[in-house]
Amino acid sequence: MSVIINDPDMTDFSKNGRILITCAKAMPPWLSMELKERGFPIVTELDSGVVTTGSLADTMKLNISLRTAHRVLFSVKEFQAPTAEHLYSKTLEVPWEEYIPADGYLCINSAVRNETINDPRFATLKCKDAIVDRIRSVHGKRPDSGSDQTGTVVFLYWQDNDVKIYLDTSGEPLSRRGYRKIPMKAPMQETLAAGVILATGWRGDGNMINPMCGSGTIAIEAALIAQKRPPGLLRTNFGFEHIIGFDQGAWKKLRTNSRETPKSKINGRIIATDIDPNAVEAARKNATTAGVDSLIEFSVCDYTKTDIPDGGGIVVLNPEYGERLGGNEDLTKFYFGIGDFFKQKCQGYRGYVFTGNLELAKRVGLRSNRRIPFFNSRIECRLLEFELYSGTKRKKYSKENDHAPEQPS
Ligand SMILES: C[S@@+](CC[C@H](N)C(=O)[O-])C[C@H]1O[C@@H](n2cnc3c(N)ncnc32)[C@H](O)[C@@H]1O
């Protein structure tokens, strides 16, 4: 039996439906926090997403303001399909002509695991065929289709026999904010950097120090968060703009209001440094594109020479960690040095180390009071939090400590 989840009269952007917001694994608690702050209900928290409810009009607000989300997907239809033929016939029932302009451009993304399908591209093709056949049968012409995500984007989820079809109101993933023109080495995804700052609890009170800033993502996201600036304001294109019924006037108003809302004041300094002058140059340019360059003090130096002003706040480090557990000798020493830096220079602050190498994390040698899980793509990571009271005692670094309970859980 098929179930129409949202009313088929999709020219009405105000009708409520189910909205799935995708994000990185381990990010749902922070995404839920953001949704609650914006007044949206939490229906379910998934492994890498949160389900809420709202209208297509609401997706404009969600796309422009959420910091940790990847995609905002508006549910169109759910049904059972054991085979590709079922998928085609059920997809054909959806009144696609009410959502997608016949002279538009269509892209289909998918997550498929069905035993009759060897190549997910075949499922995507069947879904696309049904959509364009339906539109052609009504209008006599069909939208072009391909992999470009700048037009109407549909997301097909098909696991075993369960099919869920969504309109992807984001189009390009929301991590592509539009400010990072120069990524440098091992850049952190913008949505991940935002999640890290949200997890520290810093919202603009106290200093935010980011040695090893690389392309500046953490410092830039921190500045946006502190000023309560919607991260999507820089983007010029979203999926919802290519859905029939899109209210250009309401969107313009939302953007204008967001731009004109007075920015929150930051009661502290944001300092970002890196040993690599090219990284600092790139970070500065990225911050300029993001419109927060005047809020961040950049300089080139070894992280241990970073200015740590009085007044406290947070120090956030994202050192290199390689991809394998264990790490090499140089990195082991490097992480050990971070412990010294925290202990000697950062008293009165909360220190954070974001790393994907749990063995190296232990080498910091200080007792962490929180180990917050994150995923950087497929790599399981931790944000370790250290309360750096004056006189913090380093745990004695010795062979016995190799398996000491510092290990992030
Ligand atoms: C993993 S990257 C940081 C990426 C950053 N979060 C971003 O989003 O672009 C690590 C950075 O540490 C810097 N670095 C390495 N050794 C350093 C040192 N001794 N002092 C300061 N920065 C250092 C590197 O130049 C590199 O930019």
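Two strands are said to pair if DSSP finds at least two bridges between them, and with that in hand I can start with a pair of strands in this structure, which is a predicted model. Strand S6, residues 105-113, and strand S8, residues 152-159, pair in the parallel sense, and they do so over 8 bridges. If you would like one position to look for on the screen, Arg113 stands opposite Gln159 in S8. Strand S6 also pairs in the parallel sense with strand S7, residues 144-145, this time over 2 bridges, and there the bridge partner of Tyr105 is Asp144 in S7.

Let me turn from there to a sheet further along the chain. It is an open sheet of 7 strands with mixed pairing, and the order in which the strands lie is S12-S11-S10-S13-S14-S16-S15. Which strands stand at the edges? They are S12, residues 296-300, and S15, residues 370-376, and because each of them has a single partner strand, one side of each is left without a neighbour in the sheet. On average, and with direction ignored, neighbouring strands of this sheet are turned by 20° against each other.

Within this sheet, strand S10, residues 207-210, runs parallel to strand S11, residues 270-274, and 3 bridges join them; in one of these pairings, Met208 has Ile270 of S11 as its bridge partner. Helix H8, residues 277-290, packs on the sheet, where it touches S11 and S12, and the direction of H8 makes about 160° with that of S12.

Now I come to the helices, and here a general remark may help: two packed helices are described by the angle between their axes and the distance between the axes.

Take helix H3, residues 84-92, and helix H4, residues 120-139, whose axes come within 8 Å and cross at roughly 30°. Why do we call H3 roughly parallel to H4? We do so because angles under 35 degrees count as roughly parallel, and that crossing angle makes H3 roughly parallel to H4. The crossing itself is right-handed. On the H3 side the meeting residues are Ala84, Leu87, Tyr88, Thr91 and Leu92, and among those they meet in H4 are Phe122, Ala123 and Ile131. Sorted by class, the contact of H3 with H4 has 9 nonpolar, 1 polar and 4 charged residues.

Helix H5, residues 190-200, and helix H6, residues 217-226, pack at an angle of about 60°, with their axes 8 Å apart, and this angle makes H5 oblique to H6. Their crossing is also right-handed. The contact includes Ala193, Val196 and Ile197 of H5, and Ile218, Ala222 and Ile225 of H6, and by class it has 7 nonpolar, 1 polar and 2 charged residues.

The last pair is helix H2, residues 56-65, with helix H7, residues 248-260, which pack at an angle of about 30° with their axes 11 Å apart, and H2 passes H7 in a right-handed crossing. Ala57, Met60, Lys61 and Ile64 of H2 make the contact with Ala250, Trp251, Leu254 and Ser258 of H7, giving 6 nonpolar, 1 polar and 1 charged residues by class.

I will finish with the ligand. How many residues surround the ligand, and which are the closest? There are 20, and the closest are Met212, Gly214, Ser215, Thr217 and Ile275; Thr217 is a residue we have already met, in the contact that H6 makes with H5. The residues of the shell around the ligand divide into 11 nonpolar, 4 polar and 5 charged.

Methods. Residues are numbered from 1 along each chain as its sequence is written. This is a predicted model: local features need pLDDT of at least 70, side-chain atom pairs count only at pLDDT 80 or more; totals for chains, interfaces and linings use all residues. Axes are lines fitted to C-alpha atoms, for helices over the stretch in contact, and angles run from 0 to 180 degrees between N-to-C directions. Helices (H or I, at least four residues) and strands (E, at least two) are DSSP runs, numbered from the N terminus. Angles under 35 degrees count as roughly parallel, over 145 as roughly antiparallel, 65 to 115 as roughly perpendicular and the rest as oblique. A crossing is left-handed if the near helix is turned anticlockwise from the far one by less than a right angle, and right-handed if clockwise. Two residues are in contact if their C-beta atoms, placed from the backbone, lie within 7 Å. Ala, Val, Leu, Ile, Met, Phe, Trp, Tyr, Cys and Pro count as nonpolar, Asp, Glu, Lys and Arg as charged, and the others, Gly among them, as polar. A residue is near a molecule or strand if its C-beta atom, placed from the backbone, lies within 6 Å of it.
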